[in-house]
Amino acid sequence: MKKLVRLLIAAVTCASVIGASVALAEQSVIIKGSTTVLPIVQAATEAYMKAHPGVNISLSGGGSGDGIKALIDKTTDIADSSRSMKPEEIELAKSKGVEPMEHKIAIDAIVPVVNKDNPVKDLSNEQLNLIYQGKITNWKEVGGKDLQIVVISRDTSSGTYETWEQKILKGAKVTPKAQLQASNGAIVQVVSKNRYAIGYVGLGYVNKSLKGLKVNGIQASSATALSGEYPIARPLFMYTNGEPKGETANFLKFMKGAQGQKIVKEEGFVPLPHKK
Amino acid sequence: MTRHIKEKIIKNLFLVLSLISLMVLALIVMFLFREGLPIFREVSVYDFIFGSEWYPTSSPPSYGIAPLIVGSIVVTVLSSLIAVPLGILSAVYISEIAPASAKEILKAVIELLAGLPSVVLGFFGMVVLAPWFQDTFDLPTGLNIATASLMLAIMAIPTISSISEDALYAVPREFKEASYALGATKFETIARVIIPSALSGISTAVILGMARAIGETMVVLMVAGGAAAFPESIFDSVRPMPASIAAEMGEAPFRSGHYHALFATGIVLFFMTLAFNLVADYISRRFKEVGSATL
């Protein structure tokens with residue numbers, strides 16, 4: 001019995017320490033979620049904290065699912081996501097008293113990328129589809145050198161993969177031989193070092209170390225993504241629990257405003273169309 | 001406060017502290033099972049472990065982790081083949097042959113190797129070793145079983161080496177002396193007396209090294225390539241279980257089938273490392289008396 005009392009005291013102490021740290025966190029804004037949205041929000045929070053000293057924004061990645069999970073558990077104020085919330089997630093949120101509210105903050109275009117030494121410049125939707133299904137396995141079949149194609153894909157639950165699956169695979173399965181990389185950055189790293197490889201990344205991640213391909217003859221850019229001409233584009237979201245309040249609301253306003261959208265553009269994503 | 005009461009307080013404090021780690025472990029295991037077991041309402045245990053298709057987000061999803069299990073086993077076995085001889089022989093050199101100065105340096109370096117964060121090793125493997133491997137052997141990809149095993153071996157060497165070294169030190173002096181007295185050379189003494197009597201400790205070291213390799217996440221995530229298919233050669237990509245969990249957990253919808261399947265993969269991994277630990281424990285108990293015989 002005495003031991004039990006001691007254990008209880010220890011447990012209560014632990015709980016109060018955790019409670020105190022939660023209370024402290026309420027004075028700042030917590031943002032969690034998609035790695036695709038991360039570079040935008042990183043730059044935006046830096047600019048915002050510079051302009052509003054005294055506001056503390058803590059930012060972490062982890063993925064769209066993680067962010068939404070945190071929103072449902074009420075451990076974050078804003079959840080970044082590169083996909084819409086799924087019906088079952090909304091249901092779970094509502095059962096826990098969370099009312100998710102969607103805010104569109106930018107548009108992302110996904111670009112197929114190859115090594116700089118690869119002569120291929122343009123692939124059609126169908127060719128990409130067959131390559132990712134493992135039915136085209138050599139670059140010479142699509143106008144390149146006689147080299148095996150090494151297909152690189154994202155983990156099947158990332159938002160980027162989901163968009164790729166929707167727009168390119170259209171329900172077909174990725175070949176099991178496809179390599180898996182866990183982030184946009186890792187794909188850039190691998191493709192830039194491998195002349196056999198093909199991968200896909202958000203427009204913001206295409207840089208000089210690799211080559212972005214045209215899709216159906218259309219170059220991915222802000223203009224073509226906004227007009228809908230470029231076939232692989234998607235909106236990026238932030239979710240809040242109900243109508244945002246306090247600093248959270250201010251930050252969202254900043255994000256959607258001229259300054260925030262300028263950052264979106266600087267990070268290589270497509271800003272939202274101006275409201276008329 | 002009397003000494004008696006002080007003694008009691010200290011005793012109980014230590015009890016609580018040790019209970020905390022026990023509780024933490026129990027909670028983690030409970031959580032693992034609570035989150036993992038629901039998947040078996042959707043798929044049978046047999047189909048989960050022996051199913052060869054891992055498409056957790058397709059509709060309908062298929063949750064077969066056989067390629068992932070095979071991936072884990074292949075990299076673990078291959079990395080052990082590299083790490084075991086290197087680890088044991090360096091332990092023999094350090095404890096029996098090396099002069100005192102070399103011993104100090106070698107021990108420090110191996111300890112440093114143990115302290116190297118796995119993400120650093122993974123990054124090195126991904127950016128330096130894999131492209132070099134690919135160019136040298138003209139392979140379609142440098143992110144494959146061979147490179148991943150090599151990096152895992154580097155991680156397992158310190159474990160194997162330092163535990164075997166302890167085992168070698170524990171061999172009683174009398175054994176060596178008796179051996180030399182019978183006219184055995186240094187090599188004969190090491191090969192026929194010291195290593196056989198330290199064998200239980202060395203086996204434990206090997207098994208713990210393998211357990212380290214099978215549970216290692218960052219290196220296999222970054223270097224193994226991540227193809228969820230059965231490999232056909234050691235230059236194919238694989239996706240070991242920890243890599244699959246780490247890569248997919250972040251974005252798996254909370255409490256979905258995929259989420260439960262990843263936790264169930266964790267359960268499989270847990271049983272595999274548990275088996276390794278039990279075997280290590282059994283071996284070190286079983287052969288304990290033999291080592292310190294009554295001479």
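**Entry 1: Glu96(B)**

I looked up Glu96(B) and found it in helix H3 (residues 66–97) of chain B; helices (H or I, at least four residues) and strands (E, at least two) are DSSP runs, numbered from the N terminus. The model is a predicted one, in which local features need pLDDT of at least 70 and side-chain atom pairs count only at pLDDT 80 or more, while totals for chains, interfaces and linings use all residues. Residues are numbered from 1 along each chain as its sequence is written, chains are lettered from A and ligands numbered from 1 in the order in which they are written, and side-chain values use heavy atoms, with hydrogens and water left out.

Is Glu96(B) buried or exposed? I have Glu96(B) as buried, because its relative accessible area is 12% (buried is under 20%, exposed over 50%, partly exposed in between, with a 1.4 Å probe and protein chains only). Leaving aside neighbours within four places in sequence, I list Leu168(B), Lys176(B), Lys186(B), Ile190(B) and Ile194(B) as the contacts of Glu96(B) (contact means heavy atoms within 4.5 Å).

**Entry 2: Chain B as a whole**

I counted 13 helices and two strands in chain B. The C-alpha trace of chain B spans about 75 × 70 × 35 Å along its principal axes. Of its 295 residues, 48% count as buried. Among contacts in chain B with a separation of 6 or more, I find that 72% come from residues 24 or more positions apart.

I took Ala252(B) as one case. Ala252(B) lies in the loop between helix H11 (241–249) and helix H12 (257–286) of chain B. Ala252(B) counts as buried because its relative accessibility is 0%. From Ala252(B) to Thr57(B) I note 8.8 Å, C-alpha to C-alpha, with their positions 195 residues apart in sequence.

**Entry 3: The interface of chains A and B**

How many residues of each chain are in contact? I have 41 residues of chain A in contact with 38 residues of chain B. The two chains bury about 3300 Å² between them, 55% of it on carbon and sulfur atoms (buried area is the accessible area, 1.4 Å probe, that two parts lose on being put together, summed over both). Lys69(A), Lys173(A) and Leu180(A) supply 18% of the area that chain A buries against chain B, more than any other three residues.

I also counted ten residue pairs in polar contact between the chains, both at pLDDT 80 or more. A polar contact is a pair of N or O atoms within 3.5 Å; within protein, one must be able to donate a hydrogen and the other to accept it, and residues adjacent in sequence count only if both atoms are side-chain atoms. Elements of chain A that each supply at least two residues to the side touching chain B include helix H1 (2–25), helix H3 (64–72) and helix H7 (184–193).

**Entry 4: Salt bridges**

I find 17 salt bridges over all chains (a side-chain nitrogen of Lys or Arg within 4 Å of a carboxyl oxygen of Asp or Glu). Three salt bridges cross the interface of chain A and chain B. Asp138(B) and Arg195(A) meet in a salt bridge at 3.5 Å, N to O.

Lys173(A) and Glu53(B) form a salt bridge at 3.6 Å, N to O. Lys173(A) is in the loop between H6 and E7 of chain A and Glu53(B) in the loop between helix H2 (45–50) and strand E1 (54–55) of chain B, so the pair joins two chains. Lys173(A) is partly exposed at 32% relative accessible area, and Glu53(B) is partly exposed at 41%.

Within chain A, I noted Arg234(A) and Asp108(A) at 2.9 Å, N to O. This pair links distant parts of the chain, 126 residues apart, with Arg234(A) in strand E11 (residues 233–241) and Asp108(A) in strand E4. Both residues of the pair, Arg234(A) and Asp108(A), are buried.

Glu266(A) and Lys262(A) meet at 3.9 Å, N to O. Both Glu266(A) and Lys262(A) are exposed. In chain B, I found Arg34(B), Glu35(B) and Arg255(B) linked in a network of salt bridges.

**Entry 5: Nonpolar cores**

The largest nonpolar core has 70 residues (a set of buried Ala, Val, Leu, Ile, Met, Phe, Trp, Tyr and Cys residues joined through side-chain atoms within 4.5 Å). Strand E4 (residues 100–114) of chain A gives the most to this core, with six residues. Trp164(A) is among the residues with the most contacts inside the core. A second, separate core of 26 residues includes Ile88(B), Val171(B), Ile194(B) and Ala198(B).
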